[in-house]
Amino acid sequence: MIVTVTNPPTSELPVLRKVVRSSTIDLIADQLRNAIYSGSLEPGQSINEVRTAELLEVSRPSLREALQRLISEGVMTHAPGRGVHVRRMRTADIDDVYAVREAVESQAVRLVIRQGRSTSRIGTALRELEHAIEDNVARTIGDADLNFHHSIVACSGSARLTDLMKVSMVHTRLLSLSDKRGYEVRCDVLDSHRNLAEAVAAGDEPRSLAIVARIMAEAASRLHGPVDDFDGQVVKGTDAETSADDQWLRLREQTH
């Protein structure tokens, strides 16, 4: 079942802030990732080096280095004569993105359980997902869903897994934003996510890993296209979800 709703404006996603330390490549890359994650920079959008550097108040060499990092992460693409663009995901990317997600999250689950690490952050993220689903705003649900999965990785205590998850979250969002059907999210995921949180908290590794695999498989299957026996509830996003004070809007207007 597909539920279409008209969503009110939301500012739940990271708000763009000026980069204060123009020599810090990490900060510039984070700002660009956040802009992509929030939908402020759209799949296929070209990155005008001069205007983007002015917007972030950074030097062009620093911006160029940050863009190269994002290209290596698969978040941006570069083509001779065409410049740098936000990557537009294709159908062939779906299984690969979710295979990486499953590998990262499964290893995080193993670390959390085997090392007896605290799972309180997972519980907090689950409650945030519950509230988001009650609000019935597509982007808010999508954020809370990804934040739940990020919380599992964060609980592992592995900085490297957390870095991989950060990039995987952007890839996941790009898959949804690149979907020809438009941005949409499932709003009937509470049971599976609650079961996962409970299994991890109980230290049940086999059950936890099986739930992670099932969640990833179902998400990939939905993105591949309609399934005859799919009866999930889906909320579609709308343009109203883009913040009115989006500082990237000027770049979009100048590009189109």
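This is a guided tour of one protein chain, with suggestions for what to select at each stop.

**The whole chain**

Begin with everything shown as a cartoon, and keep in mind that this is a predicted model. The secondary structure of the chain comes to 10 helices and five strands. Of the 256 residues in the chain, 49% are buried. If you consider the contacts with a separation of 6 or more, residues 24 or more positions apart account for 78% of them.

**The nonpolar core**

Next, select I36, M76, F148 and L196, and show their side chains. The largest nonpolar core has 67 residues, and these four touch the most other members. Which helix gives the most to this core? It is helix α4, residues 91-114, which contributes nine residues. As background, nonpolar side chains tend to be buried together in soluble globular proteins.

Stay for a moment with L196 and display its surroundings. Leaving aside residues up to four places away in sequence, L196 touches F148, I152, S208, I211, V212 and I215.

**Helix α8 against helix α9**

L196 leads to the next stop, so select helix α8 (residues 190-202) together with helix α9 (residues 205-224). Their axes come within 8 Å and cross at roughly 155°. Because of that angle, α8 is roughly antiparallel to α9. The crossing in which α8 passes α9 is left-handed. To see the contact itself, show S192, H193, N195, L196, A199 and V200 on α8, and then R207, S208, I211, V212 and I215 on α9. The residues of this contact divide into six nonpolar, four polar and one charged.

**Helix α4 against helix α9**

Keep α9 on the screen and add α4, whose axis comes within 9 Å of the axis of α9, the two crossing at roughly 165°. The pair α4 and α9 is therefore roughly antiparallel, and the crossing of these two helices is right-handed. On the α4 side, the contact is made by T91, I94, D95, Y98, R101, E102, E105, S106, V109, R110, I113 and R114. On the α9 side, select E205, S208, L209, V212, A213, M216, A219, A220, L223 and H224. How many residues of this contact are nonpolar, polar and charged? They divide into 11 nonpolar, four polar and seven charged.

**Helix α4 against helix α7**

Now hide α9 and bring in helix α7, residues 159-178, whose axis comes within 10 Å of the axis of α4 and crosses it at roughly 145°. Here α4 passes α7 in a left-handed crossing. The residues to select on α4 are D93, I94, V97, Y98, V100, R101, V104, E105, Q107, A108 and L111, while those on α7 are L161, L164, M165, S168, H171, T172 and L175. This contact of α4 with α7 divides into 11 nonpolar, four polar and three charged residues.

One of the α4 residues in this contact, L111, deserves a closer look. Apart from residues up to four places away in sequence, L111 touches G116, R117, S156, S158 and L161. You can also draw a distance from the C-alpha atom of L111 to that of G157, which is 46 residues away along the chain, and the separation is 8.2 Å.

**The loop that leads into α4**

Move to R87, which is in the loop between β3 (83-86) and α4. Is R87 buried, partly exposed or exposed? Its relative accessible area is 25%, and since partly exposed covers the range between under 20% and over 50%, R87 counts as partly exposed. Not counting residues up to four places away in sequence, R87 touches P43, G44, G74, V75, M76, T77, D93, L174 and S178. For a distance to display, choose L70, which is 17 residues from R87 in sequence and 9.8 Å from it in space, C-alpha to C-alpha.

**Two loops with a positive phi**

Finish with two residues that are not glycine but have a positive phi, beginning with E57, whose phi is near 60°. You will find E57 in the loop between α2 (49-56) and α3 (60-72). The other is N136, with a phi near 65°, and its place is in the loop between α5 (120-135) and α6 (138-155). N136 is partly exposed, with a relative accessible area of 26%.

Conventions:
Residues numbered from 1 in each chain as written. Predicted model: local features only at pLDDT ≥ 70, side-chain atom pairs only at ≥ 80, totals over all residues. Heavy atoms only, no water. Core = buried A, V, L, I, M, F, W, Y, C linked by side-chain atoms within 4.5 Å. Buried < 20%, exposed > 50% of the residue type's maximum accessible area, 1.4 Å probe, protein only. Helix = DSSP H or I, 4+ residues; strand = E, 2+ residues; numbered from the N terminus. Contact = heavy atoms within 4.5 Å. Axes fitted to C-alpha atoms, helices over the stretch in contact; angles between N-to-C directions. Left-handed = near helix turned anticlockwise from the far one by under 90°. Nonpolar A, V, L, I, M, F, W, Y, C, P; charged D, E, K, R; others polar. Parallel < 35°, antiparallel > 145°, perpendicular 65-115°, else oblique.
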